[in-house]
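Student: I would like to learn how to read a protein model step by step. Could you take me through one, giving the general idea before each case?

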Amino acid sequence: MKIEEVFAYLCVSDAKAAIAFYGNAFGATEKFRLTEPGGRVGHAEMAFGPMTVMLSDEYPEYGIRSASAIGATPVSIHLHVDNADRMIEQALKAGATLEREAQDAFYGERSGVVRDPFGHRWLIGHAIEEVTTEEMQRRYTALMTSG
């Protein structure tokens with residue numbers, strides 16, 4: 001058996017607002033949504049370039065709770081873009097909160113972190129140099145043993 005694809009599937013406190021936010025913040029486009037008669041979004045798909053992110057409203061009756069409802073998220077979603085600084089600025093203007101300004105990192109990427117209004121954490125970066133895994137480990141070890 002082989003894996004064909006992997007999708008991030010986000011539970012949010014307000015799917016309609018999240019769809020609008022992801023469009024404004026990241027340029028994502030809505031592919032489709034399934035909405036209950038009462039208005040709750042059971043499933044939506046957003047195109048982030050060629051990739052798909054799925055999302056839904058909360059379904060606490062099934063144990064499906066949003067990051068904002070539980071007050072934390074153990075997951076960061078990494079967006080690899082052509083200009084991290086510009087994408088971070090766009091996300092902030094759309095309503096994201098800055099967690100870490102963009103900076104050059106030992107692994108050859110310039111990246112920063114924002115949190116969306118729904119509690120999800122986005123690591124946004126772009127490549128600044130090619131780094132072998134051996135060099136990356138050397139830099140990481142140096143970073144972890146300094147100071």
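Tutor: Let us begin with a term that we shall need: two residues are in contact when they have heavy atoms within 4.5 Å. Please keep in mind throughout that this is a predicted model.

Student: With that meaning of contact, which residues is Asp14 in contact with, leaving aside its neighbours within four places in sequence?

Tutor: Once those neighbours are left aside, Asp14 is in contact with Asp57 and Phe118. As for its setting, Asp14 lies in the loop between strand 1 (8–12) and helix 1 (15–26). You may also compare positions along the chain with positions in space: Asp14 and Glu45 are 31 residues apart in sequence, and their C-alpha atoms are 14 Å apart.

Student: Is Asp14 buried, partly exposed or exposed?

Tutor: Here a cut-off is needed, since buried means under 20% relative accessible area and exposed means over 50%, with partly exposed in between. Asp14 has 35% relative accessibility and therefore counts as partly exposed. Ser66, by contrast, counts as buried because its relative accessibility is 1%. Ser66 is placed in the loop between strand 4 (51–57) and helix 2 (67–70), and, not counting residues up to four places away in sequence, Ser66 touches Cys11, Val12, Ser13 and Glu58.

Student: What does the protein look like as a whole, and in what order do its elements run from the N terminus on?

Tutor: The protein has 4 helices and 8 strands, and from the N terminus on they run β-α-β-β-β-α-β-α-β-β-β-α. The C-alpha trace spans about 55 × 45 × 30 Å along its principal axes, and buried residues make up 37% of the 147 residues. Among the contacts with a separation of 6 or more, 50% come from residues 24 or more positions apart. The exposed area is about 8,800 Å², of which carbon and sulfur atoms supply 54%.

Student: How many positive and negative charges are there, and how far apart are their mean positions?

Tutor: There are 14 positive and 21 negative charges, and the mean positions of the two sets are 2 Å apart. For a single charge, look at Arg40, whose charged end sits over the ring of Tyr59, 3.6 Å from the ring centre.

Student: How should I read a pair of aromatic rings?

Tutor: A pair of aromatic rings is described by how far apart the centres are and by the angle of the planes. In this protein the count comes to 13 aromatic pairs. In one of them, the rings of Phe21 and Phe26 have centres 6.1 Å apart and planes at 85°, so this pair is edge-to-face. Phe21 counts as buried because its relative accessibility is 5%, and Phe26 is buried too, with a relative accessible area of 9%.

Student: What is the arrangement of the rings of Tyr22 and Phe48?

Tutor: Their centres are 6.1 Å apart and their planes are at 55°, so the pair of Tyr22 and Phe48 is tilted. Because Tyr22 lies in helix 1 and Phe48 in strand 3 (residues 41–48), the pair ties together parts that are 26 residues apart in sequence. Tyr22 is buried, with a relative accessible area of 0%, and Phe48 counts as buried at 11% relative accessibility.

Student: Which residues do ring pairs link into a cluster?

Tutor: The cluster linked by ring pairs consists of Phe21, Tyr22, Phe26, Phe48, Phe118 and Trp122. You have met Phe118 before, as a residue in contact with Asp14.

Notes: Residues numbered from 1 in each chain as written. Predicted model: local features only at pLDDT ≥ 70, side-chain atom pairs only at ≥ 80, totals over all residues. Heavy atoms only, no water. Helix = DSSP H or I, 4+ residues; strand = E, 2+ residues; numbered from the N terminus. Buried < 20%, exposed > 50% of the residue type's maximum accessible area, 1.4 Å probe, protein only. Areas by Shrake-Rupley, 256 points an atom, 1.4 Å probe, with all protein chains shown as cover. Lys, Arg positive; Asp, Glu negative; His and termini not counted. Charge placed at Lys NZ, Arg CZ, Asp CG, Glu CD. Phe/Tyr/Trp six-rings, centres within 6.5 Å; stacked < 30°, edge-to-face > 60°. Lys NZ or Arg CZ within 6 Å of the ring centre and 35° of its normal.
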